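Colleague: Before I use this model, I would like to go through the terms attached to it. Please show me the structure.

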Amino acid sequence: VTITIPVVSTSPLSFYYGSPDPDAFPTSELLRAMEHTLEHHVPAALLYGPEQGPALLLEEICGKVAREEGLSLSSEQVFISAGASQALDIVCRLWARPGDVVLVGAPTYHEALALLRDYPIRLESVPLDDEGIDAQKLESTLLRLSHSGARVAFLYAIPTFQNPSGVTMTLGRRKDIIALARQHGLWLVEDDVYRDLCFEGTVPPSLFELGDGESVLRLGSFSKILAPGLRLGWVMAEPSAIARLAGAGLRLSAGGANPFAAYVVAEFCRAGHLEQHVQKLVNIYRARRDMVLDLLASTMPSNVTWSTPQGGFHVWLTLPETLYASQVAQAALQNHVRFLPGDAFFVDGNATHNIRLPFSYLQPEDIDRGLHLLARIIRSHS
Ligand SMILES: Cc1ncc(COP(=O)(O)O)c(C=O)c1O
């Protein structure tokens, strides 16, 4: 006799991760693309692949940016990686030398900080305001570092629908950053993984476009617009930088990143599914963003403020100075809801008054429950 003991889930409701909505994965279209790959692209899709990635996917990415942004790229300007994270890792390995400084925004994506901390480099941050990275502070930081003899390997920036702040860098600020980069011979690593998830208006041109493709490595990913389990992303850069990435020891040993997934995704795109799917995601995430903004407006006390992201996955909440995010997160956890305090997104990890609110993963009823609890906690501590 088998006795089944029902498992009662005790895991807290989590506002911790900025993951895509698993209910939206296009499984039947992926299954068809997978069958097509096995029927038409074996053995290539199951062998070690070309270091830069399969030509079919490189062409799909060139076609995508030509249609959507009017950019005319050749396949020598694209490199396939196992996600934006792996691209950043390879860039760090190849562009930074021990002791170099890597500049980041304050705040910035916390797992990028974790990745960069794997290297013997020094992290320095430049504050963000509601127009993106502060160009004047960037300039003074670059001058100070240059006077002290430090070498800056690159600036890592997330100009569009930034994680965690939700801020999109304005066109003016983008031009200022490009001008400064040119003046100081600074490489820019532009993490652009949220560009396609635009809820209204238009996204300003990328740093890559504004900089005419020079000294900018623009990272893209299928994680947010298709599925992170595919581990597939890309880099756009000048041909010599792409050749440098493709010549990395990792690529020489392993070949191109995830050839099977790359063929499947190339077929998914060729069949016209990606654009339809992105449109579906935009509608889902826009509704959740609206829901979060409405809930915040109706529940939060007047001394709490938040960003209004025009795309992406995150709203950034600012508490009054008297209230620490870690304190609020602790109280929420006692009520089985997990929030990530803003401290994680700063190089110095100082206690902050911010909480990141990802709205992509949770279902509307959970968002409602979590934010009502958050508002109750903040009110009771205020
Ligand atoms: C700004 C940013 N870059 C990169 C990533 C990770 O991308 P990938 O899954 O392509 O490695 C994330 C995921 O949260 C992100 O928010």
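The questions below take up burial, salt bridges and the ligand in turn.

Modeller: Keep in mind that this is a predicted model.

Colleague: Why is Leu-38 called partly exposed?

Modeller: Its relative accessibility is 44%, and partly exposed covers the range between 20% and 50%, so Leu-38 counts as partly exposed. Leu-38 sits in helix H1 (residues 27–40) and belongs to a nonpolar surface patch with Leu-31, Met-34, Val-42 and Leu-46. Together the patch has about 430 Å² of accessible area.

Colleague: What makes Arg-173 and Asp-129 a salt bridge?

Modeller: Their closest N and O atoms are 3.0 Å apart; the cut-off is 4 Å, so the pair counts as a salt bridge. The pair links distant parts of the chain, with Arg-173 in helix H6 and Asp-129 in strand E4, 44 residues apart.

Colleague: Is Arg-173 buried or exposed, and how do you know?

Modeller: Arg-173 has a relative accessible area of 11%; buried means under 20%, therefore Arg-173 is buried. Asp-129, at 30%, counts as partly exposed.

Colleague: Why is Asp-192 called buried?

Modeller: Its relative accessibility is 5%, under the 20% limit, so the term applies. Asp-192 forms a salt bridge with Arg-195 at 2.6 Å and another with Arg-218 at 3.2 Å. Salt bridges with shared partners join Glu-69, Asp-192, Arg-195 and Arg-218 into one network.

Colleague: What makes the pair of Ser-85 and the ligand a polar contact?

Modeller: A ligand oxygen is 2.5 Å from an N or O atom in the Ser-85 side chain; the limit is 3.5 Å, so the pair qualifies. The protein buries 92% of the 400 Å² that the ligand exposes when taken alone.

How values were computed. Residues are numbered from 1 along each chain as its sequence is written. This is a predicted model: local features need pLDDT of at least 70, side-chain atom pairs count only at pLDDT 80 or more; totals for chains, interfaces and linings use all residues. Side-chain values use heavy atoms; hydrogens and water are left out. Patches are made of residues with over 30% relative accessible area and no salt bridge: like charges are joined within 9 Å, nonpolar side chains (Val, Leu, Ile, Met, Phe, Trp, Tyr) within 5 Å. Accessible areas come from the Shrake-Rupley method with a 1.4 Å probe; for residues, only the protein chains shown count as cover. A salt bridge is a side-chain nitrogen of Lys or Arg within 4 Å of a carboxyl oxygen of Asp or Glu. Helices (H or I, at least four residues) and strands (E, at least two) are DSSP runs, numbered from the N terminus. Buried means under 20% relative accessible area, exposed over 50%, partly exposed in between (1.4 Å probe, protein chains only). A polar contact is a pair of N or O atoms within 3.5 Å; within protein, one must be able to donate a hydrogen and the other to accept it, and residues adjacent in sequence count only if both atoms are side-chain atoms.
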